[in-house]
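Open the model in your viewer and keep a selection prompt ready. The stops below go from one residue to its partners, then outward to the fold around them.

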Amino acid sequence: MNKLPGFLAAFLLLSTLFGAQAKQEFPRVPFDRYLLHAEITQVLQTWHRLYPELTRLHAIGRSYLGKELWVLEITNRQTGEAADKPGFWADGGTHPDEPTGTPMVMHTAQRLLLGFKNDPAITPLTDNHRSDY
C-alpha cells in the first residue's frame, strides 16, 4: 500500500510549524475568508510566474458558469518528468456547498512552493513526486 498521501498530509501539517522564507513577491493565501475565482486565478498565475521550474498551470475545462477549472502541477522537472513520478492529487471546490476544500488545497500547494530548497523535508517531495492541485 502506498503511504505517500498519509505521509504528505502529516508532513505538511508538521511543516507549518517551521515556515520557510517566502520569495518577496509570493502571494500568501489568506485563510480568514474564502477567495473568489478571480483571486484564486491571480494567485495561481503568480505562483506559476514565480516558480516556472516547479509548476505547470493549465485549465482542464470550464465550469457551468464558464470559469476555468485550474490545475497546478508541482514537481521539480530537473529530477525527472512529471509523468514518470508517483503522483498525488488533491482537489477543492468540487461542490459549491463545501467551501473549505479550495483553501486546504491552496495551503498544501503554498507549503510545497515555499519549502522547495528551503525545507529539507519538502524538497524531496517536489524532487521525487508530482502533485496536482
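**Stop 1: Asp-132 and its partners**

Select Asp-132 in this predicted model: its relative accessibility is 7%, so the residue counts as buried, the cut-off being under 20%. Add Arg-130, whose side chain forms a salt bridge with that of Asp-132 at 2.8 Å, N to O. Arg-130 is partly exposed, with a relative accessible area of 22%. Now extend the selection to Arg-56 and Glu-73: salt bridges with shared partners link these two, Arg-130 and Asp-132 into one network.

**Stop 2: the sheet**

Glu-73 also has Asp-132 in strand 4 as its bridge partner. Show residues 68-74 and 130-132, which are strand 2 and strand 4; the two run antiparallel and are joined by two bridges. They belong to an open sheet of four strands, ordered 1-2-4-3 with mixed pairing. Strand 1 (55-62) and strand 3 (87-89) are at the edges with a single partner strand each, so each has one side without a neighbour in the sheet. On average, neighbouring strands are turned by 20 degrees against each other, direction ignored.

**Stop 3: the helices on the sheet**

Select residues 37-50, helix 2, which packs on the sheet and touches strand 1 and strand 2. Its direction makes about 30 degrees with that of strand 2. Next take helix 3, residues 101-115, which touches strand 1, strand 2 and strand 4; here the angle to strand 2 is about 35 degrees.

**Stop 4: two further salt bridges**

Select Arg-111 and Asp-119, which form a salt bridge at 4.0 Å, N to O. Arg-111 is buried at 5%, and Asp-119 is buried at 10%. Finish at Arg-33 and Glu-39, with closest N and O atoms 2.9 Å apart; Arg-33 is partly exposed at 39%, as is Glu-39 at 23%.

Notes
Residues are numbered from 1 along each chain as its sequence is written. This is a predicted model: local features need pLDDT of at least 70, side-chain atom pairs count only at pLDDT 80 or more; totals for chains, interfaces and linings use all residues. Side-chain values use heavy atoms; hydrogens and water are left out. Two strands pair if DSSP finds at least two bridges between them. Axes are lines fitted to C-alpha atoms, for helices over the stretch in contact, and angles run from 0 to 180 degrees between N-to-C directions. Contact means heavy atoms within 4.5 Å. Buried means under 20% relative accessible area, exposed over 50%, partly exposed in between (1.4 Å probe, protein chains only).
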